[in-house]
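Here is a short tour of one small set of topics: charge, layout, confidence and contact. Have the picture open while you read.

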Amino acid sequence: KLRRVILSFVNNAIKFTDSGYVKLSMEILQMDEEDILLQFRVKDTGQGIKEEDMARLFGSFEQVDKEKNKYKQE
């Protein structure tokens with residue numbers, strides 16, 4: 001499941017970044033003999049998401065502002 005979530009974030013970043021870069025990073029925040037806490041970040045130079053749409057971003061099966069985020073092939 002973790003792989004699918006990370007791939008989804010990276011694929012969306014690539015899809016909405018016409019030029020510039022997409023960067024994936026991972027940091028170990030805590031680790032003991034049984035558990036590990038990781039932090040993943042996806043940073044890109046894409047168009048971004050409006051502040052008012054951020055709360056809806058992690059809702060089940062919902063894409064924010066579908067018209068604005070429609071992929072354009074040129």
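## A charged patch

Let's start on the surface, in this predicted model. Four residues, Asp32, Glu33, Glu34 and Asp35, come together there as a patch of negative charge. Where does Asp32 lie? Look at the loop that links β1 (22-31) to β2 (36-44): Asp32 is in there.

## The overall layout

Now zoom out. The protein has one helix and two strands, and going along the sequence you meet them in the order α-β-β.

What share of the 74 residues is buried? Buried residues account for 11% of them.

## How confident is the prediction?

Averaged over the protein, pLDDT comes to 84, with 80% of the residues at 70 or more. Among the helix and strands, helix α1 (residues 2-15) has the lowest confidence, with a mean of 91, while β1 has the highest, at 97. A word of caution: where pLDDT is low, don't read the predicted coordinates in detail.

## A look at Ile14

Ile14 sits in helix α1. Why does Ile14 count as partly exposed? Its relative accessibility is 48%, and partly exposed covers the range between the 20% limit for buried and the 50% limit for exposed.

Ile14 also pairs up nicely with Asp44 as an example of sequence versus space: 30 residues separate them in sequence, yet their C-alpha atoms are 8.0 Å apart.

Methods:
Residues are numbered from 1 along each chain as its sequence is written. This is a predicted model: local features need pLDDT of at least 70, side-chain atom pairs count only at pLDDT 80 or more; totals for chains, interfaces and linings use all residues. Side-chain values use heavy atoms; hydrogens and water are left out. Patches are made of residues with over 30% relative accessible area and no salt bridge: like charges are joined within 9 Å, nonpolar side chains (Val, Leu, Ile, Met, Phe, Trp, Tyr) within 5 Å. Accessible areas come from the Shrake-Rupley method with a 1.4 Å probe; for residues, only the protein chains shown count as cover. A salt bridge is a side-chain nitrogen of Lys or Arg within 4 Å of a carboxyl oxygen of Asp or Glu. Lys and Arg count as positive and Asp and Glu as negative; His and the chain ends are not counted. The place of a charge is taken as NZ of Lys, CZ of Arg, CG of Asp or CD of Glu. Helices (H or I, at least four residues) and strands (E, at least two) are DSSP runs, numbered from the N terminus. pLDDT is the predictor's confidence in each residue, from 0 to 100. Buried means under 20% relative accessible area, exposed over 50%, partly exposed in between (1.4 Å probe, protein chains only).
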